[in-house]
Amino acid sequence: MLIDQLLNGLTIGSVYALVAVGYTMAYGVLNLINFAHGSIYMMGGFFALALLTRSVPGGTATVVAVAVLATAVLGVLVELVAYRPIRTAPRSAQLISALGMLIVLNNVAMLLWGSSPKRFPSLLPEAGSFLGFQLPVARLAIIGGSLALMLVLSLFIYLTKIGAAMRASTLDMDAARLMGIDIDRVISATFAIGSGLAAAAGILVGSYYNVVVFNMGDIIGLKAFVAAILGGIGNIPGAMVGGLFLGMAETVGAAYISSGYKDAIAYIILILVLLVRPGGILGAYGEERA
């Protein structure tokens with residue numbers, strides 16, 4: 001029973017972590033809370049569904065790759081249309097623009113695919129056997145796939161030239177610009193990567209629960225935002241840790257306290273962590289972005 005709950009917690013926590021990375025990357029570079037990120041996650045699921053209902057050469061792998069790429073392009077367009085024109089505007093204007101884009105994307109999805117939940121085909125078997133043991137293949141695939149994506153992201157950030165540019169822009173955008181770094185390119189890459197990871201999360205969730213709906217990103221987006229704050233907003237490893245921690249706490253709390261308090265547990269944990277460590281789990285005291 002406990003092992004099953006821990007697997008459930010890691011499964012949902014992996015999804016939170018993938019989406020939280022997009023929040024923390026956007027904040028790290030732009031000091032912007034991209035509240036439309038949950039809707040990006042939702043659009044990734046619907047892009048995959050639209051492709052799965054058609055005969056696409058290459059099968060499931062091609063569908064997933066194209067859906068992730070399309071969502072990455074959408075993320076770049078969102079930044080170009082909603083955030084770049086007001087990059088130097090007051091924070092209140094940026095917040096309103098982010099919330100407005102959330103509403104726009106949700107309504108576009110509702111107009112294109114309707115307001116009722118849509119059945120999403122299962123891309124992975126629910127269970128399998130190995131040496132006589134029954135394995136929860138779908139949950140293990142979500143956990144393993146999420147961890148692999150986050151590992152690739154970490155390697156990209158720390159071992160590539162564009163990753164170094166992202167880290168430099170996070171530390172000091174003006175100094176990075178003076179050193180010849182193309183800030184617009186860095187920001188576009190940031191939104192593309194974050195959106196692609198959110199799309200992967202949307203596809204995994206759609207396959208696991210066999211359903212997608214136009215407002216599915218609202219709750220997940222909010223929980224992922226909480227996870228990003230828990231880990232230390234602007235800190236990529238922190239977003240990963242915060243997502244996994246939140247998923248585990250929610251699942252175990254719902255199992256051993258009450259499922260009715262599942263959503264409340266996330267915010268109780270957030271308050272407690274911030275009271276003890278305002279910068280988040282991996283944040284540092286005194287940092288302006290913590």
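Which residues have the most contacts inside the largest nonpolar core? Tyr41, Tyr83 and Leu153. A reminder before I go on: this is a predicted model.

That core holds 81 residues. Helix α1, residues 2–30, gives the most to it, with 14 residues. As a general point, nonpolar side chains in soluble globular proteins tend to be buried together.

Let's take Tyr41. Set aside its neighbours within four places in sequence. Tyr41 then touches Val15 and Val19. It also contacts Ala198, Ala201, Gly202 and Val205. Met216, Gly217 and Ile220 complete the list.

Those last three bring us to a helix pair. Two packed helices are described by the angle between their axes and the distance between the axes. Here the pair is α2, residues 37–52, and α9, residues 216–231. Their axes come within 7 Å. They cross at roughly 130°. That angle is neither over 145 nor within 65 to 115, so α2 and α9 count as oblique to each other. The crossing is right-handed.

Who makes the contact? From α2, it is Gly38, Tyr41 and Met42. From α9, it is Met216, Gly217, Ile220 and Gly221. By class, that is 4 nonpolar and 3 polar residues, with no charged ones. So Tyr41 has two entries today: it is among the residues with the most contacts in the core, and it is part of the α2 contact with α9.

Last stop, Leu178. Leu178 sits in helix α7, residues 173–178. Is it buried or exposed? Exposed, because its relative accessibility is 77%, and the cut-off is over 50%. Leu153 is 25 residues away along the chain, and the two C-alpha atoms are 26 Å apart.

Notes. Residues are numbered from 1 along each chain as its sequence is written. This is a predicted model: local features need pLDDT of at least 70, side-chain atom pairs count only at pLDDT 80 or more; totals for chains, interfaces and linings use all residues. Side-chain values use heavy atoms; hydrogens and water are left out. Helices (H or I, at least four residues) and strands (E, at least two) are DSSP runs, numbered from the N terminus. Buried means under 20% relative accessible area, exposed over 50%, partly exposed in between (1.4 Å probe, protein chains only). Axes are lines fitted to C-alpha atoms, for helices over the stretch in contact, and angles run from 0 to 180 degrees between N-to-C directions. Angles under 35 degrees count as roughly parallel, over 145 as roughly antiparallel, 65 to 115 as roughly perpendicular and the rest as oblique. A crossing is left-handed if the near helix is turned anticlockwise from the far one by less than a right angle, and right-handed if clockwise. Contact means heavy atoms within 4.5 Å. Ala, Val, Leu, Ile, Met, Phe, Trp, Tyr, Cys and Pro count as nonpolar, Asp, Glu, Lys and Arg as charged, and the others, Gly among them, as polar. A nonpolar core is a set of buried Ala, Val, Leu, Ile, Met, Phe, Trp, Tyr and Cys residues joined through side-chain atoms within 4.5 Å.
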